[in-house]
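Student: I have a model open and would like to learn how to read its features one at a time. Could you walk me through them?

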Amino acid sequence: MPPLPRSIAHLDMDAFYASVELLRYPQLRGLPAVVGGRRATTVEDPARFPRLRDYVGRGVITTATYEARALGVHSGMGLMKAAQLAPDALLLPADFDTYRHYSRLFKAAVREIAPDLEDRGIDEIYLDLTALNPDGSREGARAIALRLQQAVRDATGLSCSLGVAPNKLLAKLCSDLEKPAGITVVAADDLPVRIWPLPAKRINGIGPKAAERLDALGIHSIGELAAADALWLQEQFGERYGQWLHRAAHGQDDRPVVTHSEPKSLSRETTFERDLHPRQDRSELSQRFTRLCEQLAADLVRKGYVGKTIGLKLRFDNFHTVTRDLTLPAPIGEAAAIRRAAGECLKRVPLERRIRLLGVRVGNLVRRDAIPEHETPIPIQAELFA
């Protein structure tokens, strides 16, 4: 009996962080707004929200409403640069704990319909719908996508967009074609009309450098990439990447939807609004360090892990980044234990410059319920930023 035709969906939440903020501040709907920075605000009058033109710092946009995107701002853009394009756009502080809450809600709602789910981040997932759409029909795929959209909206009040295709590569590409709240269903024979006219850089896996190189070679669209000779692409980009470019342009991708994988590590980090001095700002640094360890410990509890390796990451004001690790004789997961171990790592770093970024990581993870009760970590005595 031949295998069923694959039906793979990529579900992407629409302007996720900004949309969550609009649940909190519905009076801002229809206005250009960006999420970024950490300044708290509780005002209810939109006229009194911070504006991009007043921002001073080096923060970046986490996401933006579609009204703000129409003004040329986008995720990853520096807030100072965005202020030049959209000075009157509203600036909302990021609240990642709330975003994670809504992420768990929408994924739980989706699993009730399509349990074969691959988690790809806080706001996107892959779904294998093959068993739910055994004939691989467009009508069946669209009907399932509509059910998923409604389930997400019922659970969160938020909208999402879906691409449904024979594989993950095409599904991800298509989920972005009709945003927001769009559904795009494509089959292999749709490539010439729906896929090939798109810019080559729209393929996930073609980064800025590769896109620039393709432009220089006169290849701008996916169709032009598909028409390029496979051996010539290998000569230009190397054997492995050249082969992948050829396959991707022809919509070929056999990667499975991975429904379960054990994480190798969990981490938390923060970039400061201003560079902090190891001695003059010791109190603030210590508080931030403690908060990161508490958040990381909560992540470990929620996901059911402990870990033996504690890592520290520091980026200084000259952008030099250092990391230090410490492997313990037994796994830990409590905030105080993580903090003490990270302090041991810190003692091995010369603190001679202001600090731009601080991060903590727990690696060498094991399931919490698999640890024998008699295994407890050896106490570590260390004062952070002492």
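Student: Which helices and strands each supply at least two residues of the lining of the largest pocket?

Tutor: Keep in mind that this is a predicted model. To read a pocket, start with the elements that build its wall. Here α4 (96-111), β5 (117-119), β9 (265-276) and α12 each supply at least two residues of the lining. The largest share, seven residues, comes from α4.

Student: What is the volume of the largest pocket, and how many residues line it?

Tutor: Its volume is about 1,100 Å³, and 27 residues line it. Those nearest the centre are Lys107, Asp119, Gly121, Leu266 and Lys303.

Student: How do the residues of that lining divide by class?

Tutor: Sort them into nonpolar, polar and charged, and the lining of the largest pocket gives eight nonpolar, seven polar and 12 charged residues.

Student: Let me turn to helix packing. At what angle do α4 and α5 pack?

Tutor: For any helix pair, look at the angle, then the handedness, then the residues that touch. Helix α4 and helix α5 (residues 138-156) pack at about 140°, with their axes 9 Å apart. Angles over 145 degrees would count as roughly antiparallel, and α4 and α5 are therefore oblique to each other. The crossing of α4 past α5 is right-handed.

Student: Which residues make the contact of α4 with α5?

Tutor: On the α4 side they are Tyr102, Leu105, Phe106, Ala109 and Val110; α5 brings Leu148, Ala151, Val152, Ala155 and Thr156. By class, this contact has nine nonpolar residues, one polar and no charged ones.

Student: α12 also came up in the pocket lining. How far apart are the axes of α12 and α13?

Tutor: The axes of α12 (residues 282-303) and α13 (residues 335-346) are 8 Å apart, and the two helices pack at an angle of about 130°. That angle makes α12 oblique to α13. Their crossing is right-handed.

Student: Which residues should I display for the contact of α12 with α13?

Tutor: From α12, show Ser286, Phe289, Thr290, Cys293, Glu294, Leu296, Ala297 and Leu300. From α13, add Ala335, Ile338, Arg339, Ala342 and Leu346. This set divides into nine nonpolar, two polar and two charged residues.

Student: And how do α10 and α11 pack, by angle and axis distance?

Tutor: Use the same steps. Helix α10 (residues 230-237) and helix α11 (residues 239-249) pack at about 135°, their axes 7 Å apart. The two are therefore oblique to each other, and α10 passes α11 in a right-handed crossing.

Student: Which residues of α10 and α11 meet?

Tutor: Ala230, Leu233, Gln234 and Phe237 in α10 meet Glu239, Tyr241, Gly242, Gln243, Leu245 and His246 in α11. In this contact you will find five nonpolar, four polar and one charged residues.

Student: Finally, the backbone. Is the peptide bond from Lys179 to Pro180 cis or trans?

Tutor: For a peptide bond, read omega. From Lys179 to Pro180 the bond is cis, with omega near -5°. To find the spot, go to the loop between α6 (168-174) and β8 (183-185), where Pro180 lies.

Student: What is the phi of Ala181, and where is that residue?

Tutor: Ala181 has a positive phi of about 55° although it is not a glycine. Its place is also between α6 and β8, in the loop.

Notes: Residues are numbered from 1 along each chain as its sequence is written. This is a predicted model: local features need pLDDT of at least 70, side-chain atom pairs count only at pLDDT 80 or more; totals for chains, interfaces and linings use all residues. Side-chain values use heavy atoms; hydrogens and water are left out. Axes are lines fitted to C-alpha atoms, for helices over the stretch in contact, and angles run from 0 to 180 degrees between N-to-C directions. Helices (H or I, at least four residues) and strands (E, at least two) are DSSP runs, numbered from the N terminus. Angles under 35 degrees count as roughly parallel, over 145 as roughly antiparallel, 65 to 115 as roughly perpendicular and the rest as oblique. A crossing is left-handed if the near helix is turned anticlockwise from the far one by less than a right angle, and right-handed if clockwise. Contact means heavy atoms within 4.5 Å. Ala, Val, Leu, Ile, Met, Phe, Trp, Tyr, Cys and Pro count as nonpolar, Asp, Glu, Lys and Arg as charged, and the others, Gly among them, as polar. On a 1 Å grid over the protein atoms alone, a cavity is a set of points where a 1.4 Å probe fits but cannot get out, and a pocket is an open set with protein on both sides within 12 Å along at least five of seven lines; lining residues have an atom within 4 Å of a point. Grid points are joined across faces, edges and corners, and a volume is the space filled by probe spheres set on the points.
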